[in-house]
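Open the model in your viewer and keep the selection box handy. We will move from one stop to the next, with a note on what to select and what is there.

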Amino acid sequence: MAVRPFVMWPDKRLRTPAAPVAEITDEVRAIWADMVDSMDAMPGMGVGLAAPQIGVMLRLAVVDVTPDRSRRILLANPEVLIASPDVETGTEASPCLPGVDAQITRPKAVAVRFLNAEGMIDRRDFTELEARSVQHQIDHLGGRMYFDNLGRVKRDMLLRKARKAK
């Protein structure tokens with residue numbers, strides 16, 4: 001479909017919770033297609049994208065952590081049902097705040113309920129990088145950025161570094 005421009009931090013849309021999706025329509029499918037194209041066009045091959053990152057204020061996300069892009073997951077209204085007590089730390093970044101990244105600790109596995117591309121309620125278990133990406137996208141849908149998971153001092157340092165990188 002089309003690669004859409006990313007909403008850049010500190011745009012207030014990145015701090016605004018997205019609206020729930022009532023049903024899967026052709027319009028939603030077209031947005032997902034644009035999101036997949038936009039995710040694939042990210043520098044360094046992004047592994048997920050939330051609709052607010054391209055200015056669409058709906059609870060839509062796409063995830064694909066495979067090198068060959070063979071496992072596309074399209075989610076509407078995703079919510080974590082169960083989070084593993086086991087955590088791991090990994091690097092996270094966002095095309096909405098280029099030039100910086102941070103080490104973020106998240107549950108290693110999550111069970112997520114969402115509306116799938118067929119409009120059916122689905123429940124899926126995600127682990128490792130897929131779990132990290134899904135949680136990262138759910139944060140975006142709630143108006144949160146990955147750096148909100150940092151302490152205040154580290155978050156402030158990251159934002160100062162981002163301002164200098166512009």
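Start by selecting residues 26-40, helix α1, which lies across β1, β2, β3 (73-83) and β6 (109-115). Helix α1 runs at about 40° to β2. Contact here means heavy atoms within 4.5 Å; axes are lines fitted to C-alpha atoms, for helices over the stretch in contact, with angles from 0 to 180 degrees between N-to-C directions. Helices (H or I, at least four residues) and strands (E, at least two) are DSSP runs, numbered from the N terminus.

Before going on, please note that this is a predicted model, in which local features need pLDDT of at least 70 and side-chain atom pairs count only at pLDDT 80 or more, while totals for chains, interfaces and linings use all residues. Residues are numbered from 1 along each chain as its sequence is written, and side-chain values use heavy atoms, with hydrogens and water left out.

Next, select residues 128-141. This is helix α2, which lies across β1, β2, β3, β6 and β7 and runs at about 160° to β2.

**The sheet**

Now show the strands. What is the order of the five strands in the open sheet? The order is β1-β2-β3-β6-β7, with antiparallel pairing. At the edges are β1 (48-50) and β7 (121-127), each pairing on one side only. From one strand to the next, the twist averages 40°. Two strands count as paired if DSSP finds at least two bridges between them.

Walk across the sheet, starting at L49, whose bridge partner in β2 is V62. Three bridges hold the antiparallel pair of β1 and β2 (residues 60-63). Then pick L60, whose bridge partner in β3 is A76; β2 and β3 run antiparallel and are joined by four bridges. Stay on A76, because the next step starts there: its bridge partner in β6 is L115. β3 and β6 are antiparallel too, with five bridges.

**Salt bridges**

The whole structure holds 16 salt bridges, each defined as a side-chain nitrogen of Lys or Arg within 4 Å of a carboxyl oxygen of Asp or Glu. Select R72 and D40, which form a salt bridge with their closest N and O atoms 2.7 Å apart. R72 lies in the loop between β2 and β3 and D40 in helix α1, so the pair ties together parts that are 32 residues apart in sequence. R72 is partly exposed, at 33% relative accessible area, and D40 is partly exposed at 32%. Add D64, which meets R72 in a salt bridge (3.4 Å, N to O). D64 is buried, at 0% relative accessibility. The cut-offs are under 20% relative accessible area for buried, over 50% for exposed and in between for partly exposed (1.4 Å probe, protein chains only).

Move on to E92 and R106, whose side chains meet in a salt bridge (2.7 Å, N to O). E92 is in strand β4 (residues 87-92) and R106 in strand β5 (residues 102-107), 14 residues apart. Are these two buried or exposed? Both E92 and R106 are buried. Extend the selection to R132, D139 and R144: salt bridges that share partners join them with E92 and R106 into one network.

**The largest pocket**

Finish with M42, G46, A93, S94 and P95, the closest to the centre of the largest pocket among its 23 lining residues. A pocket is an open set of points on a 1 Å grid over the protein atoms alone, where a 1.4 Å probe fits, with protein on both sides within 12 Å along at least five of seven lines; lining residues have an atom within 4 Å of a point. The volume is about 420 Å³, taken as the space filled by probe spheres set on the points, which are joined across faces, edges and corners. Colour α2 last: α2 gives the most to the lining, with six residues.
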